[in-house]
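Student: Could you take me through one part of this model up close? I'd like a single helix and whatever packs around it.

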Amino acid sequence: MRYTIRAGLRAEGTVALALLIRKGQGFIAAVLFVLPFPFSAFCPTSLRSWLSRMPLARVLTKAAKQALLTPGCGCQTAAIAVRTISFSPRQVTSDASFHSVSFSETDHPKVLITGGLGQLGVGLAKLLRKRFGNSNVILSDIRKPSSQVFHSGPFIYSDILDYKNLREIVVNNRITWLVHYSALLSAVGEANVPLARAVNITGLHNILDIAAEHGLRLFVPSTIGAFGPTSPRNPTPDLCIQRPRTIYGVSKVHAELMGEYYHHRYGLDFRCLRYPGIISADSQPGGGTTDYAVAIFHDAIKSGKFECNLKPDTRLPMMYIDDCLRATLEIMEAPADQLSMRTYNINAMSFTPEELAVELRKHLPDFEISYNLDHVRQAIADSWPMNFDDNNARNDWGWKHDYDLPELVTTMLNYIGSDSRIARAN
């Protein structure tokens with residue numbers, strides 16, 4: 001099934017479209033309507049972006065599939081009634097001049113990932129490149145990438161505080177999806193509040209404006225840090241009192257609300273997941289309160305000992321990185337009509353440092369853990385959820401995790417242990 005769009009200028013300066021739906025050589029349906037922006041703003045990229053985020057695309061797809069299932073000779077024309085809140089069907093003028101833009105359902109998004117050299121960006125780029133092709137996923141950051149990252153696929157310099165630079169990247173690379181990972185994490189943010197405010201809030205505003213202007217599908221992650229000491233902690237639902245007490249948490253609540261406002265006010269296709277603590281063997285800890293759950297594996301293999309900066313009974317929700325990245329792809333691909341909200345909790349497991357140490361000793365019987373509290377991090381952890389209620393994500397778009405604590409420990413030890421043995425051999 002393919003769509004062919006013929007676009008032309010109407011007398012009053014608006015853009016009229018005639019959309020033809022074909023099966024093979026047969027013509028099966030046509031739709032006439034007028035775009036809600038002037039001819040001066042029209043180009044193939046803006047058309048694709050607009051269609052991808054409007055209910056029209058889903059209406060056409062459904063109607064075309066119905067037409068494909070209807071017996072017939074392929075010579076009759078089906079009239080499809082199309083209504084959305086953004087335009088009204090109108091008659092195309094007889095003197096309109098047309099050019100065509102053709103696309104199919106197999107078209108891939110063009111993805112830009114900001115803050116791509118953090119804990120999640122490289123892994124997500126790898127996953128998306130397998131799905132959409134190497135050239136369709138651009139990793140970006142303000143730091144120089146490693147040789148391996150640089151040669152693995154497209155990488156560019158991108159500063160989210162430089163609006164002009166960011167806008168040029170989106171336009172020149174015909175970006176359709178934007179994954180916004182640039183942020184200062186909890187403990188680092190508390191050490192430098194002005195920088196955290198600039199990156200996490202001002203940078204977000206640039207991202208929102210550019211995404212709305214160019215009709216992008218935008219993903220901005222949130223976090224367990226978006227909740228505070230007055231939030232219900234076990235479990236924490238999607239909708240409740242938040243009131244965080246870190247600049248990181250405040251900026252993430254701001255991101256959730258601004259994204260949802262842009263969605264309702266401007267039609268921005270905004271999507272957000274509240275990540276639990278993410279555990280990954282690929283990257284070193286980056287200054288987050290849950291980073292002990294990454295560092296413990298490296299120290300366990302290196303020395304057999306670990307000094308934890310949280311209390312042994314501090315329970316926090318956690319997730320292995322493969323589940324996190326898959327959830328991100330699934331929410332980005334989920335049909336908009338399946339989303340009952342724009343910000344979802346996701347969860348996999350919840351454990352304490354002592355429970356993690358017990359599981360580690362099943363593989364490393366001599367492993368020792370001690371505790372030297374970091375009072376700043378402990379205060380942060382005590383204000384966060386102990387467990388996430390993610391029933392809405394599971395019911396709306398089928399979220400399901402793969403890794404529980406035993407699988408997590410086995411996978412991390414195998415991964416880091418293998419790397420350690422290779423390093424010693426070299």
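Tutor: Let's look at helix α8 and its surroundings, then make a short stop at a loop residue. Keep in mind that this is a predicted model. Its mean pLDDT is 82, with 72% of residues at 70 or more. Residues 67-105 fall below 50, though the model still gives that stretch 87 contacts beyond near neighbours in sequence. Where pLDDT is low, the coordinates shouldn't be read in detail.

Now for α8 itself. The helix runs over residues 247-266, 20 residues in all. From first C-alpha to last, α8 spans 27 Å, close to the 28 Å expected at 1.5 Å a residue. Its buried residues are I247, Y248, G249, S251, K252, V253, A255, E256, G259 and Y262. An α-helix has 3.6 residues a turn, so residues three or four places apart point the same way. Just past the end of α8, G267 has a positive phi of about 80 degrees.

What covers those buried residues? The cover includes α6, α7 (193-213), β11 (222-223), β12 (269-275) and β16. In α6 (residues 186-191) you'll find A191, whose C-alpha is 9.9 Å from that of I247, 56 residues away along the chain. A191 is exposed, at 70% relative accessible area, while I247 is buried.

β16 leads us to the loop residue: N347 sits between β16 (343-345) and β17 (349-351). N347 is buried because its relative accessibility is 6%, under the 20% cut-off. Its side chain makes a 2.7 Å polar contact with that of N387. Beyond its sequence neighbours within four places, N347 also has contacts that include P276, M318, F388, R394 and W399.

Note on methods
Residues numbered from 1 in each chain as written. Heavy atoms only, no water. Helix = DSSP H or I, 4+ residues; strand = E, 2+ residues; numbered from the N terminus. Buried < 20%, exposed > 50% of the residue type's maximum accessible area, 1.4 Å probe, protein only. Polar contact = N/O pair within 3.5 Å; in protein donor to acceptor, adjacent residues only side chain to side chain. Contact = heavy atoms within 4.5 Å. pLDDT = per-residue confidence, 0-100. Expected span 1.5 Å × (residues − 1).
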